[in-house]
Amino acid sequence: MKFTWTITAITDVESMKTSGWSTDKKTLVLEEISDKQYKSSISIEFWGEKLWLVDWLQSWDQVEVSMNSKVREYNWKYYTSISWWKVESIWEKSEEWEDLPF
């Protein structure tokens, strides 16, 4: 699935440490691109080796985010997990650059 969003906030890299385990985490807050008065927002996290996916992003960039979702059942309860695996800048994807005369 792909969604188009505007980045409204990016946290600094946080070091997450527990006994025998440590990694870094960065959070992005995204708002839907629409004409609605009340827009939906979500927060997504990138961990460890996936931080390079978002290092180049800045607040107010417009991005297209690709994700996979899974639902698991355990004792008649359902649990959803979402994996973000690709982030592309809409600016970089635009074809405006191809039409420039230089």
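How many strands and helices does the chain have? There are six strands and one helix, where helices (H or I, at least four residues) and strands (E, at least two) are DSSP runs numbered from the N terminus. Along the sequence, these elements come in the order β-β-β-β-β-β-α.

A word on the model before we look closer. This is a predicted model, in which local features need pLDDT of at least 70 and side-chain atom pairs count only at pLDDT 80 or more, while totals for chains, interfaces and linings use all residues. Residues are numbered from 1 along each chain as its sequence is written, and side-chain values use heavy atoms, with hydrogens and water left out.

Let's begin with the chain as a whole. It has 102 residues, and 24% of them count as buried; buried means under 20% relative accessible area, exposed means over 50%, and partly exposed lies in between (1.4 Å probe, protein chains only). About 7,900 Å² of the chain is exposed, with carbon and sulfur atoms supplying 51% of that area; the areas come from the Shrake-Rupley method with a 1.4 Å probe, and for residues only the protein chains shown count as cover. Among contacts (heavy atoms within 4.5 Å) with a separation of 6 or more, 49% join residues 24 or more positions apart.

Thr6 gives a good view of such contacts. This residue sits in strand E1, which covers residues 2-10, and counts as buried at 11% relative accessibility. Setting aside neighbours within four places in sequence, Thr6 touches Val29, Leu30, Glu31, Ile33, Trp60, Asp61 and Gln62.

Now for the aromatic rings. Rings of Phe, Tyr and Trp (its six-membered ring) pair if their centres lie within 6.5 Å; planes under 30 degrees apart count as stacked, over 60 as edge-to-face and the rest as tilted. By this rule there are two aromatic pairs. One of them joins Phe3 and Trp5 in a tilted arrangement, with 6.3 Å from centre to centre and 50 degrees between the planes. Trp5 is buried at 9% relative accessibility, whereas Phe3 is partly exposed at 32%.

Trp21 and Trp47 also form a tilted pair, at 6.5 Å centre to centre and 40 degrees between the planes. Trp21 belongs to strand E3 (residues 21-32) and Trp47 to strand E4 (residues 41-47), so this pair ties together parts that are 26 residues apart in sequence. Both rings belong to partly exposed residues: Trp21 has a relative accessible area of 46%, and Trp47 has one of 32%.
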